[in-house]
Amino acid sequence: MKTFETEQDRKREQKAIETFVKMFGGSFQKLGQQDVDYRIFDKDKNLIAYAEVKGRIRPLRDAYPLPVALAKLSKLIEKRHNPVLIWACEDGIIYGKVFSLVGEVKLGGRPPREEAVNDIEMMVYFERQKGLKYVRFS
């Protein structure tokens, strides 16, 4: 499967996950390409969550609605161990525990690209809600 992720995308994802775990002194482990993005550990190295980081190339104030592919969300939920979604915006992150969120499912995605198989797919969109928090990059 062809990947369309750029070096800039990877840097944004890295900054987002580092910002997230820094809040509680934890750590993370990157998972494989066909898995969700990360295992999250507390300061004592105990597994506490799984996380998926999505790029959102806009400032926090303009980030909503927050999209995630239904297939990716389903894979994250299957982990069952505190699934967390993190959106990496230009100036910070928005995050939430999946089981605390309410979203709308609809067909969406991006204009199809050559060799891309998942550009148009079922998506979940999250509006502002109590279960979503944000942290600005320092």
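The protein in this predicted model exposes about 8,400 Å², and carbon and sulfur atoms supply 50% of that area. Here are some exercises to work through with the structure open.

**Exercise 1: Getting oriented**

Work out how many helices and strands the protein has, and in which pattern they follow each other.

*Solution.* Start with the count: there are 2 helices and 9 strands. Now walk along the sequence, and you get α-β-β-β-β-α-β-β-β-β-β. For the burial side of things, 39% of the 138 residues are buried. Then look at the contacts with a separation of 6 or more: residues 24 or more positions apart account for 55% of them.

**Exercise 2: Laying out the sheet**

Find the strand order of the open sheet of 6 strands, and say which strands sit at its edges.

*Solution.* The order is 1-2-3-5-6-9, and the pairing is mixed. Strand 1 (27–30) and strand 9 (133–136) are the edges, each pairing on one side only. On average, neighbouring strands of the sheet are turned by 30° against each other, direction ignored.

Next, take some of the pairings one at a time.

- Strand 1 and strand 2 (residues 38–41) run antiparallel and are joined by 4 bridges; K30 has Y38 in strand 2 as its bridge partner.
- Strand 2 and strand 3 are also antiparallel, again over 4 bridges, with Y38 standing opposite A51 in strand 3.
- Strand 3 (residues 47–55) and strand 5 (residues 83–88) run parallel, with 6 bridges between them; here G55 has A88 in strand 5 as its bridge partner.

So where does helix 2 go? Helix 2 (residues 70–78) lies across strand 3 and strand 5, and runs at about 140° to strand 5.

**Exercise 3: The aromatic cluster**

Trace the cluster that contains F20, and explain what the pair of F20 and Y95 ties together.

*Solution.* Begin with the total, which comes to 4 aromatic pairs. One of them is F20 with F24, edge-to-face, at 5.6 Å centre to centre and with 80° between the planes. F20 also pairs with Y95, again edge-to-face: 5.3 Å centre to centre, 70° between the planes. F20 lies in helix 1 (residues 7–22) and Y95 in strand 6 (residues 92–97), so this pair ties together parts that are 75 residues apart in sequence.

Put the partners together and you have one aromatic cluster of F20, F24 and Y95. Are its members buried or exposed? The cut-off for buried is under 20% relative accessible area. F20 comes in at 7%, so it counts as buried. Y95, at 18%, is buried too. F24 reaches 31% and is therefore partly exposed.

**Exercise 4: Charges over rings**

Find the rings that have the charged end of K15 or K106 sitting over them.

*Solution.* Check K15: its charged end sits over the ring of F137, 4.4 Å from the centre. Then check K106, whose charged end sits over the ring of Y125, 5.2 Å from the centre.

**Exercise 5: Backbone oddities**

Locate the cis peptide bond, then look at the phi values of K45, R80 and N82.

*Solution.* The cis bond runs from Y64 to P65, with omega near 0°. P65 is in the loop between strand 3 and strand 4 (66–69).

On to phi. Strand 2 and strand 3 form a hairpin with 5 residues between them, and K45 in that turn has a positive phi of about 70°. R80 isn't a glycine, yet its phi is positive at about 65°. You'll find R80 in the loop between helix 2 and strand 5, where it counts as exposed because its relative accessibility is 59%. N82 lies in the loop between helix 2 and strand 5, and its phi is near 50°, a positive value in a residue other than glycine. At a relative accessible area of 41%, N82 is partly exposed.

**Exercise 6: Around G103**

Place G103, and list what it touches beyond four places away in sequence.

*Solution.* G103 is in the loop between strand 6 and strand 7 (104–109). Its relative accessibility is 41%, so it counts as partly exposed. Leaving out residues up to four places away in sequence, G103 touches V124, Y125 and F126. As for M123, G103 is 20 residues from it in sequence and 9.5 Å away in space, C-alpha to C-alpha.

Technical notes. Residues are numbered from 1 along each chain as its sequence is written. This is a predicted model: local features need pLDDT of at least 70, side-chain atom pairs count only at pLDDT 80 or more; totals for chains, interfaces and linings use all residues. Side-chain values use heavy atoms; hydrogens and water are left out. Rings of Phe, Tyr and Trp (its six-membered ring) pair if their centres lie within 6.5 Å; planes under 30 degrees apart count as stacked, over 60 as edge-to-face and the rest as tilted. Buried means under 20% relative accessible area, exposed over 50%, partly exposed in between (1.4 Å probe, protein chains only). A charge sits over a ring if NZ of Lys or CZ of Arg is within 6 Å of the ring centre and within 35 degrees of the ring normal. Two strands pair if DSSP finds at least two bridges between them. Axes are lines fitted to C-alpha atoms, for helices over the stretch in contact, and angles run from 0 to 180 degrees between N-to-C directions. Contact means heavy atoms within 4.5 Å. Accessible areas come from the Shrake-Rupley method with a 1.4 Å probe; for residues, only the protein chains shown count as cover.
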